Amino acid sequence: MEIPVYQVDAFTSEPFRGNPAAVCIVGEGFDGSLMQLVAAEMNLSETAFVVRREGGFGLRWFTPVAEVDLCGHATLAAAHVLWREGVAADGASISFHTRSGRLGAARSDGIIELDLPADPVRAAEAPEGLLEALGVVEPLFVGRGRFDYLVEVDSEGELRSLTPEMGALRGVETRGVIVTCRAAAAPWDFLSRFFAPAAGIDEDPVTGSAHCALGPYWARRLGRDELRAFQASRRGGELTVRSMGRRVAVGGRAVTVLEGRLTVP
């Protein structure tokens with residue numbers, strides 16, 4: 001059996017920046033165990049599997065080692081592929097059925113905007129070893145959302161210079177850790193980095209799902225619902241974020257860098 005596979009750089013308009021995701025369009029009989037094998041073969045932070053469903057598309061996401069409940073950049077990549085390949089009608093919105101409920105995607109002027117569930121962050125005590133593993137001495141805030149811890153630091157300089165001890169961070173019971181700060185200058189409102197060694201990803205280049213927490217957090221801090229964000233990984237990524245109560249609109253561009261056919265037993 002052969003299936004089409006695409007590699008897409010998400011949250012960027014330039015190849016080899018943003019966050020790469022594989023996208024596979026499969027049939028109903030393509031089961032989770034096979035998806036996991038394919039994701040391990042792709043060896044990217046996420047591989048998205050799309051299947052036609054009544055009223056939209058089924059969507060599942062896998063890291064090389066596990067299925068996850070929500071992934072923003074691979075959802076953006078999947079929507080990009082469906083429009084580019086004519087599987088979804090140009091100009092029409094897309095509805096995805098996922099483990100995190102219904103997610104939407106719409107496109108305007110080349111920017112894909114995802115309709116994702118908000119993940120409000122509440123203040124929390126830092127678990128033992130977290131700040132030490134990050135190398136953060138005096139955080140401005142520590143909180144916890146549905147998936148991740150969030151740590152605000154004082155400056156861009158501190159954020160960019162972090163070199164977490166991944167072995168120690170792997171021992172913290174959480175999907176991942178978002179570190180964020182207010183931007184020093186336009187055009188960005190805030191910056192972030194995302195570390196998830198327990199999920200097999202030391203540092204994720206651009207994390208759409210983290211902005212489900214970052215959007216509401218910075219909307220409260222800055223008093224504005226519409227924000228521009230930069231994820232300051234080595235590859236870097238640009239996002240728009242719009243806080244909408246229980247939902248967050250996370251937007252960005254995408255570019256296909258590879259396409260082919262994958263032979264599957």
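A search of the whole structure, which is a predicted model, finds 18 salt bridges. Side chains of opposite charge can pair when their charged atoms come close. One of these pairs is formed by the side chains of Arg 107 and Asp 90, with a distance of 2.4 Å from N to O. Because Arg 107 belongs to strand β7 (residues 101-108) while Asp 90 sits in the loop between α2 and β6 (94-98), this salt bridge ties together parts that are 17 residues apart in sequence. The two partners fall into separate accessibility classes, since Arg 107 is partly exposed with a relative accessible area of 35%, whereas Asp 90, at 65%, counts as exposed.

Strand β8 takes part in two further salt bridges of longer reach along the chain. In one of them, the side chains of Arg 242 and Glu 113 meet at 2.6 Å, N to O. Arg 242 lies in strand β16 (residues 237-244) and Glu 113 in strand β8 (residues 111-117), so this pair ties together parts that are 129 residues apart in sequence. Both ends of the bridge are partly exposed, with a relative accessible area of 26% for Arg 242 and 29% for Glu 113. The other salt bridge brings together the side chains of Asp 115 and Arg 247, at 2.9 Å from N to O. Here the link runs between distant parts of the chain, from Asp 115 in strand β8 to Arg 247 in strand β17 (residues 247-252), 132 residues apart. Arg 247 is partly exposed, at 24% relative accessibility. Elsewhere, salt bridges that share partners join Arg 60, Glu 67, Asp 69 and Arg 99 into one network.

Strand β16, which holds Arg 242, also contains Ser 243. Ser 243 is buried, with a relative accessible area of 15%, and, once neighbours within four places in sequence are set aside, it is in contact with Gly 215, Pro 216, Ala 219 and Asp 225.

The same strand leads to the largest pocket, to whose lining β16 gives the most, with four residues. This pocket holds about 250 Å³ of space and is lined by 17 residues, of which Phe 11, Arg 228, Glu 238, Leu 239 and Arg 253 lie nearest its centre. The elements that give two or more residues to this lining are β15 (226-231), β16 and β17. Divided by class, the lining has five nonpolar, seven polar and five charged residues.

The second largest pocket has about 150 Å³ of space. Among the residues that line it are Thr 63, Val 65, Phe 147, Thr 174, Arg 175 and Ala 198, together with Glu 67 and Asp 69, two residues that also belong to the salt-bridge network with Arg 60 and Arg 99. In this second lining there are seven nonpolar, two polar and three charged residues.

Turning to the helices, α2 (residues 72-84) has 13 residues and reaches 18 Å from its first C-alpha to its last, close to the 18 Å expected at 1.5 Å a residue. Helix α2 is mostly covered, for 12 of its 13 residues are buried, including His 73, Leu 76, His 80, Val 81 and Trp 83. It is followed by Gly 86, whose phi is positive, near 75°. In helix α1 (32-42), the buried residues are Gly 32, Leu 34, Met 35, Gln 36, Val 38 and Ala 39, and what covers them includes β2, β3, β4 (56-62), β5 (67-68) and β18 (254-263).

Several backbone details deserve a separate look. Most residues other than glycine have a negative phi, and most peptide bonds are trans. Just after α1, Asn 43 takes a positive phi of about 55°, although it is not a glycine. Asn 43 lies in the loop between α1 and β3 (47-53) and counts as exposed at 57% relative accessibility. Phe 16 likewise has a positive phi, near 70°, and is found in the loop between β1 (2-10) and β2 (19-25), where, at 63% relative accessibility, it counts as exposed. Finally, a cis peptide bond with omega of about 10° joins Ala 186 and Pro 187, and Pro 187 lies in the loop between β12 (176-182) and β13 (190-196).

Notes: Residues are numbered from 1 along each chain as its sequence is written. This is a predicted model: local features need pLDDT of at least 70, side-chain atom pairs count only at pLDDT 80 or more; totals for chains, interfaces and linings use all residues. Side-chain values use heavy atoms; hydrogens and water are left out. The expected span of a helix is 1.5 Å times one less than its number of residues. Buried means under 20% relative accessible area, exposed over 50%, partly exposed in between (1.4 Å probe, protein chains only). A salt bridge is a side-chain nitrogen of Lys or Arg within 4 Å of a carboxyl oxygen of Asp or Glu. Contact means heavy atoms within 4.5 Å. On a 1 Å grid over the protein atoms alone, a cavity is a set of points where a 1.4 Å probe fits but cannot get out, and a pocket is an open set with protein on both sides within 12 Å along at least five of seven lines; lining residues have an atom within 4 Å of a point. Grid points are joined across faces, edges and corners, and a volume is the space filled by probe spheres set on the points. Ala, Val, Leu, Ile, Met, Phe, Trp, Tyr, Cys and Pro count as nonpolar, Asp, Glu, Lys and Arg as charged, and the others, Gly among them, as polar.
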